[in-house]
Amino acid sequence: AYAFAQQNNLSLPPGLIGHRPANNSPDKIKVGSFQFVGTTPAKETIPQILVVMSVEEQQTAEIILAGKTQQGASWIFRTGKLSGRRMEYVPRDGAPTVMFDWSDANSGSVSILQGSAGRGGGGPAAFNSRFSRLDG
């Protein structure tokens with residue numbers, strides 16, 4: 001994740017680690033770092049990073065999202081909601097809901113939903129992309 005961040009002029013806090021649950025947990029595939037292409041409010045595509053640091057069985061995930069805003073490179077620490085192979089993140093700042101759906105341990109799809117802030121994914125997808133694992 002740090003090499004990808006450096007190559008793309010993104011910022012991540014130092015010393016990140018992941019804590020994977022037991023081997024029989026269906027959520028173990030979600031812990032790690034992933035790259036994807038996101039979009040800015042101006043509809044520009046930009047590289048972004050999702051770091052899932054830990055998961056609470058079928059409930060929540062502690063995550064860091066790194067990307068760029070109009071002010072430059074930044075990262076945020078938040079909690080995502082887990083449901084099956086999906087993790088949903090509803091930003092606190094009124095931004096659109098972001099949903100990550102794992103296809104397997106190494107990849108999946110990400111959807112940024114318009115008109116859904118604070119309502120848990122109620123709007124249509126404004127942007128879809130794929131994500132892939134960075135930490136092998």
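Set aside the neighbours within four places in sequence, and Ser33 is in contact with Ala1, Leu50, Val51, Ser132, Arg133, Leu134 and Asp135. That is a good place to enter this model, which is a predicted one. Ser33 lies in strand S1. Is Ser33 buried or exposed? Its relative accessibility is 5%, so Ser33 counts as buried. The cut-off for buried is under 20%.

Ser33 also leads to a pocket. Ser33 is one of the residues that line the second largest pocket. The others in the lining are Ala1, Tyr2, Leu16, Ile17, Gly18, Arg20, Gly32, Val51, Val52 and Asp135. Two elements give two or more residues to this lining: strand S1 (32–39) and strand S2 (45–56). What is the volume of the second largest pocket? It comes to about 150 Å³. The lining residues divide into 6 nonpolar, 3 polar and 2 charged. A general idea lies behind such a search: rolling a probe the size of a water molecule over the atoms shows where empty space is left.

Stay with one residue of that lining, Ile17. Its place is in the loop between H1 and S1. Ile17 has a relative accessible area of 67%, so it is exposed. The cut-off for exposed is over 50%. Ile17 and Arg133 are 116 residues apart in sequence. In space, their C-alpha atoms are 15 Å apart.

Now turn to the nonpolar cores. In soluble globular proteins, nonpolar side chains tend to be buried together. Here the largest nonpolar core has 20 residues. Which of them touch the most other members? They are Leu50, Val52, Ile63, Met87, Phe100 and Trp102. Many strands take part. The elements that give two or more residues to this core are S1, S2, strand S3 (60–69), strand S5 (86–89), strand S6 (97–104), strand S7 (107–113) and strand S8 (125–133). Apart from this core lies another, of 9 residues. Among its members are Leu10, Leu12, Val51 and Met53. Val51 has already appeared as one of the residues lining the second largest pocket.

Take Trp102 from the largest core. What does Trp102 touch, not counting residues up to four places away in sequence? The list is Ile29, Lys30, Phe34, Leu50, Val52, Arg85, Met87, Ser107, Gly108 and Phe131. Leu50, Val52 and Met87 were named above with Trp102 among the core residues that touch the most other members.

Next come the aromatic rings. A pair of aromatic rings is described by the distance of the centres and the angle of the planes. How many aromatic pairs does the structure hold? There are 6. Start with Phe36 and Phe100. Their ring centres are 5.3 Å apart and their planes meet at 80°, so the pair is edge-to-face. Over 60 degrees is the cut-off for that label. The pair links distant parts of the chain: Phe36 is in strand S1 and Phe100 is in strand S6, 64 residues apart. Both residues, Phe36 and Phe100, are buried.

Phe100 has a further partner, Trp102. The centres of these two rings are 6.4 Å apart and the planes lie at 45°, so this pair is tilted. Trp102 is buried, as is Phe100. Ring pairs also build a wider group: Phe34, Phe36, Phe100, Trp102 and Phe131 are linked into a cluster.

Finally, look at the loops. Asn9 has its place in the loop between helix H1 (2–7) and S1. Its relative accessibility is 56%, so Asn9 counts as exposed. Leaving aside neighbours within four places in sequence, Asn9 is in contact with Lys68 and Ala73. Asn9 and Ala73 are 64 residues apart in sequence, with C-alpha atoms 7.0 Å apart in space. The backbone has a further detail here: Asn9 is not a glycine, although its phi is positive, about 55°.

Pro26 lies in the loop between H1 and S1. Beyond its neighbours within four places in sequence, Pro26 is in contact with Glu57 and Gln58. Pro26 and Glu44 are 18 residues apart along the chain, and 34 Å separates their C-alpha atoms.

Lys43 sits in another loop, between S1 and S2. With a relative accessible area of 64%, Lys43 is exposed. Lys43 and Ala1 are 42 residues apart in sequence, and their C-alpha atoms are 24 Å apart in space. Ala1 brings us back to the start, as one of the contacts of Ser33.

Notes
Residues numbered from 1 in each chain as written. Predicted model: local features only at pLDDT ≥ 70, side-chain atom pairs only at ≥ 80, totals over all residues. Heavy atoms only, no water. 1 Å grid on protein atoms, 1.4 Å probe; cavity = no way out; pocket = protein on both sides within 12 Å on 5 of 7 lines; lining within 4 Å. Points joined across faces, edges and corners; volume = space filled by probe spheres on them. Helix = DSSP H or I, 4+ residues; strand = E, 2+ residues; numbered from the N terminus. Nonpolar A, V, L, I, M, F, W, Y, C, P; charged D, E, K, R; others polar. Core = buried A, V, L, I, M, F, W, Y, C linked by side-chain atoms within 4.5 Å. Buried < 20%, exposed > 50% of the residue type's maximum accessible area, 1.4 Å probe, protein only. Contact = heavy atoms within 4.5 Å. Phe/Tyr/Trp six-rings, centres within 6.5 Å; stacked < 30°, edge-to-face > 60°.
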